[in-house]
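Here are a few short exercises to work through with the model open beside you. Try each task before reading its solution.

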Amino acid sequence: MAPETSTPAATAAWLARNAVDCLPEGGLERKLEEAAREGRPLRVKLGIDPTAPDIHLGFTVVLTKLREFQDLGHTVVLIIGDYTARVGDPSGRSTTRPVLSGEAIDANAATFQEQALKVLDAERLELRRNGEWLDMPTEKLFALARTTTVARILERDDFAKRYAARAPISILELLYPLLQGYDSVAVDADVELGGTDQKFNLLLGRDIQTAYGKPEQVILTMPLLPGIDGERKMSKSYGNYIGVTEPPEEIYGKTMRLPDAALATWYELLL
């Protein structure tokens with residue numbers, strides 16, 4: 001439980017206690033102090049691309065952290081990436097993601113909202129779809145593209161590896177981090193959360209906010225939950241996930257397939 005009365009420094013330390021990164025150093029404390037002075041809640045952002053019909057257990061690691069912010073009185077802005085899902089997040093990918101139809105994305109998005117409420121408090125939740133602002137005129141897209149360079153985008157480890165291996169990287173994939181960063185501009189994010197594989201995107205979001213004259217967000221990255229194969233991160237794309245609304249017998253059966261070596265991490269992140 002969070003401390004009932006606390007200084008911004010103590011609250012920031014408690015919120016960051018099980019995060020991998022909390023950047024910049026001291027940034028969360030300063031955001032909390034600023035919000036207290038202004039008498040407003042922080043706006044804490046998470047984006048989820050609806051590339052499959054279920055939220056899986058890996059997502060609940062981040063959702064639980066969002067709930068901690070809510071319990072302290074802050075507002076969670078949950079962005080359903082109906083437009084970024086059409087691009088496909090390249091994080092941790094060695095190949096381009098398959099393209100989903102608009103109908104499939106919309107159907108998945110509808111279930112995501114309901115499932116997220118298994119963890120989040122609806123009263124302190126703002127639900128948005130990034131199609132609200134990413135369905136933009138070409139002139140605005142050009143302006144967004146000017147906020148960074150190809151060299152900066154290729155600093156991403158997964159892009160760098162694919163480029164070195166002469167593996168295909170689509171222009172659309174290169175735009176993905178910019179689109180995610182623009183989400184932070186559109187919703188005035190004070191804090192953005194994600195897994196450790198999102199660190200580059202979250203940091204780039206700070207640069208994009210600066211380019212649009214917005215205060216830079218603080219970023220928190222959470223550990224990645226291994227999938228039921230015990231090796232790769234839990235992912236809908238890898239098919240090694242447990243959906244939060246799957247039948248109990250299915251959840252039990254999948255959990256029993258988890259290798260013993262991954263149990264300690266599961267205990268730490270889920271219990």
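**Exercise 1. Strand pairing around E5**

Find which residue stands opposite Val191, and work out how the strands on either side of E5 are joined to it.

Solution. Please keep in mind that this is a predicted model.
- Step 1: Val191 faces Val218, which belongs to E6.
- Step 2: E6 covers residues 218-222, runs parallel to E5 and is joined to it by five bridges.
- Step 3: Now turn to E2, which is also parallel to E5; two bridges join this pair.
- Step 4: In E2, the residue opposite Glu192 of E5 is Lys45.

**Exercise 2. The surroundings of E5**

Decide how many of the five residues of E5 are buried, and name the unit that E5 makes with H11 and E6.

Solution.
- Step 1: A residue is buried if its relative accessible area is under 20%.
- Step 2: Five of the five residues of E5 are buried, so the strand is largely enclosed by the rest of the structure.
- Step 3: Together with H11 and E6, E5 makes a right-handed β-α-β unit.

**Exercise 3. A salt bridge between strands**

Work out which parts of the chain the salt bridge of Lys45 and Glu192 ties together, and whether the two residues are buried or exposed.

Solution.
- Step 1: Side chains of opposite charge can pair when their charged atoms come close.
- Step 2: The closest N and O atoms of Lys45 and Glu192 are 3.1 Å apart, and the two form a salt bridge.
- Step 3: Lys45 lies in E2 (residues 43-48) and Glu192 in E5 (residues 191-195), so the pair ties together parts that are 147 residues apart in sequence.
- Step 4: Lys45 and Glu192 are both buried.

**Exercise 4. Partly exposed pairs**

Classify the partners in the salt bridges Asp207–Arg152 and Glu126–Arg128 by accessibility.

Solution.
- Step 1: Partly exposed residues fall between the 20% and 50% limits.
- Step 2: The Asp207–Arg152 bridge has its closest N and O atoms 3.1 Å apart. It links distant parts of the chain, with Asp207 in H11 (residues 199-211) and Arg152 in H8 (residues 150-153), 55 residues apart.
- Step 3: Asp207 has 33% relative accessibility, so it counts as partly exposed. Arg152, at 21%, is partly exposed too.
- Step 4: Glu126 and Arg128 meet at 2.9 Å, N to O. Glu126 is partly exposed at 21%, and Arg128 is partly exposed at 22%.

Notes. Residues numbered from 1 in each chain as written. Predicted model: local features only at pLDDT ≥ 70, side-chain atom pairs only at ≥ 80, totals over all residues. Heavy atoms only, no water. Salt bridge = Lys/Arg side-chain N within 4 Å of Asp/Glu carboxyl O. Helix = DSSP H or I, 4+ residues; strand = E, 2+ residues; numbered from the N terminus. Buried < 20%, exposed > 50% of the residue type's maximum accessible area, 1.4 Å probe, protein only. Pairing = 2+ DSSP bridges. Right-handed = clockwise from strand over helix to strand, strands pointing away.
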